[in-house]
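Trainee: I have a model open on my screen and I'm not sure how to read it. Could you walk me through some of its features?

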Amino acid sequence: MNAIAGSNAVKIRARGVTKRFAVRRRADVIAVDGVDLDVEENELLAIVGPSGCGKSTFLYMVGGFLEVSEGEILVDGRRVTGPGTDRGIVFQHFALFPWLTVRENILYGLRERKVAEAEREATTAELIALIGLRGFEDVYPKQLSGGMKQRVAIARTLAIDPEILLMDEPFGALDAQTRTVMQDELLRIWNQRKKTVLFVTHDVHEAVRLADRVVVMTARPGRIKAIIDAREAHAPDAANVRESPEIARKVNEIWEHLRDEVALAQRQEAVSSSGRGG
C-alpha cells in the first residue's frame, strides 16, 4: 500500500525502498520491501508494527545511517546518501555523554559545528528552558531521572536545529507515568518548534495520541499495510487528553490491521529460534 501525500509540501519521499541484509551462508534477509511513503512538512508521522518489521531500519535509512538496497529516499527533493544536519535522531537509550553536564551535553553539537560562543550559549540556555530543566544545567546524567535524560537528549538534537526529527522508540525505556509526561512534552515542543517528525513506536496508543497519521507495517519483510489518519482523534487541547472515545476507536482500528502481523512475527521468531537451536 502506498502512503502518498495530499496537497501539502512533501518533506520526505520514499519510493520503492527495499533493504536487504546479507547473512552468512544463508539467503539475504529482506527487512524492508518496496515502501512508498510521503511525509508532509511539519507532520508528526508515527510508524507501528511488530518486532522485526523494519520500522527502525526504515528510520535509519531516512537518517542516512543505512544505505538503501533498492529505490530511493528524498528529503526536499534531494536523494539521501548519508547523514546530514537537516536530520536529527533521538534514540531509546538517551545516548548522553556521562562525563558531561546537562549544559555541556547540549553544547556539544554546537561546538562541533563551530557555532560562535555567544550564539551557542544563547541556544543552550533557550533549550534548557524549553525542556524545563533550569537549575539542572551543571548536573551529570547519572543524577537525572530517565525522563530528564530523554529531555536532554531531545534538546541536544534540537540544538543543531534539524528540519526533521527521527525518533526511535524514544520513550520505550521509561515507566508508564514518565512516558505520559514525555508525550506531553513532545507535543508541547513540537507545537512550539514545528518540525517534521518520524516517530517509531511499539505503543499503538502512543502513536494515536501523538501522530497526525499512523503507518502500520507488516511482519518481515516490512511493507506498508495501512495508513490511519489520527488527526480526528485529537482535541484542540490534545496534550491534555489521554483517553477519549475517538482515541479508543483509532487504537482499535489500528489493532485490527496489526493483530495478524504480530501473530505472524511471533511465528517467524519461533521458527528462527528453532533453527538456531538446531
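Mentor: Sure, we'll take a helix, some salt bridges, a loop lysine and a sheet in turn. Keep in mind that this is a predicted model.

Trainee: Let's start with helix α3. How far apart are its end C-alpha atoms, and what span should we expect?

Mentor: The idea is to count 1.5 Å a residue, so the 14 residues of α3, residues 117-130, should span 20 Å. The end C-alpha atoms are 20 Å apart, which agrees.

Trainee: Which residues of α3 are buried?

Mentor: Arg120, Thr123, Thr124, Leu127, Ile128 and Leu130 are. If you look down the axis of α3, these buried residues fall within an arc of 155°, so they line one face of the helix. The cover over them includes α2 (102-112), α4 (146-159) and α5 (176-192). Just after α3 comes Gly132, with a positive phi of about 75°.

Trainee: Next, salt bridges. What's the general idea, and how many are there here?

Mentor: Side chains of opposite charge can pair when their charged atoms come close. In this model the count comes to 22 salt bridges. Take Asp184 and Arg209, whose side chains meet at 2.3 Å, N to O. Asp184 sits in helix α5 and Arg209 in helix α6 (residues 204-210), so this pair ties together parts that are 25 residues apart in sequence.

Trainee: Are those two buried or exposed?

Mentor: Asp184 has 17% relative accessibility, so it counts as buried. Arg209 is buried too, at 1%.

Trainee: What about a pair with partly exposed residues?

Mentor: Try Arg231 and Asp229, which form a salt bridge with their closest N and O atoms 2.9 Å apart. Arg231 is partly exposed at 37% relative accessible area, and Asp229 is partly exposed at 33%.

Trainee: Where do Glu256 and Arg259 lie?

Mentor: Both are in helix α7 (residues 245-277), three residues apart, about one turn of the helix. They form a salt bridge too, with the closest N and O atoms 3.1 Å apart. Glu256 counts as exposed at 54% relative accessibility, while Arg259, at 45%, counts as partly exposed. Salt bridges can also share partners: that is how Lys11, Asp76 and Glu163 are joined into one network.

Trainee: I'd like to look at a loop residue. Where does Lys195 lie, and is it buried or exposed?

Mentor: Lys195 is in the loop between α5 and β8 (196-200). It is buried, with a relative accessible area of 8%.

Trainee: What is Lys195 in contact with, beyond its neighbours within four places in sequence?

Mentor: Leaving those neighbours aside, its contacts are Asn42, Glu43, Leu158, Asp161, Pro162, Glu163 and Trp190. Zoom in on the side chain of Lys195 and you'll find that it reaches the backbone oxygen of Pro162 at 2.8 Å. Sequence separation can mislead you here, too: Lys195 and Leu165 are 30 residues apart in sequence, yet their C-alpha atoms are 6.8 Å apart in space.

Trainee: Last one, the open sheet. In what order do its four strands come?

Mentor: Strands of a sheet pair through backbone hydrogen bonds, either parallel or antiparallel. Here the order is β2-β1-β4-β5, and the pairing is antiparallel. β2 (26-40) and β5 (78-79) stand at the edges with a single partner strand each, so one side of each is left without a neighbour in the sheet.

Trainee: How many bridges join β4 to β5?

Mentor: Two bridges join β4 (residues 70-75) to β5. To find one of them, go to Val75: its bridge partner in β5 is Arg78.

Conventions: Residues numbered from 1 in each chain as written. Predicted model: local features only at pLDDT ≥ 70, side-chain atom pairs only at ≥ 80, totals over all residues. Heavy atoms only, no water. Expected span 1.5 Å × (residues − 1). Buried < 20%, exposed > 50% of the residue type's maximum accessible area, 1.4 Å probe, protein only. Arc of directions from axis to C-beta. Contact = heavy atoms within 4.5 Å. Salt bridge = Lys/Arg side-chain N within 4 Å of Asp/Glu carboxyl O. Polar contact = N/O pair within 3.5 Å; in protein donor to acceptor, adjacent residues only side chain to side chain. Pairing = 2+ DSSP bridges.
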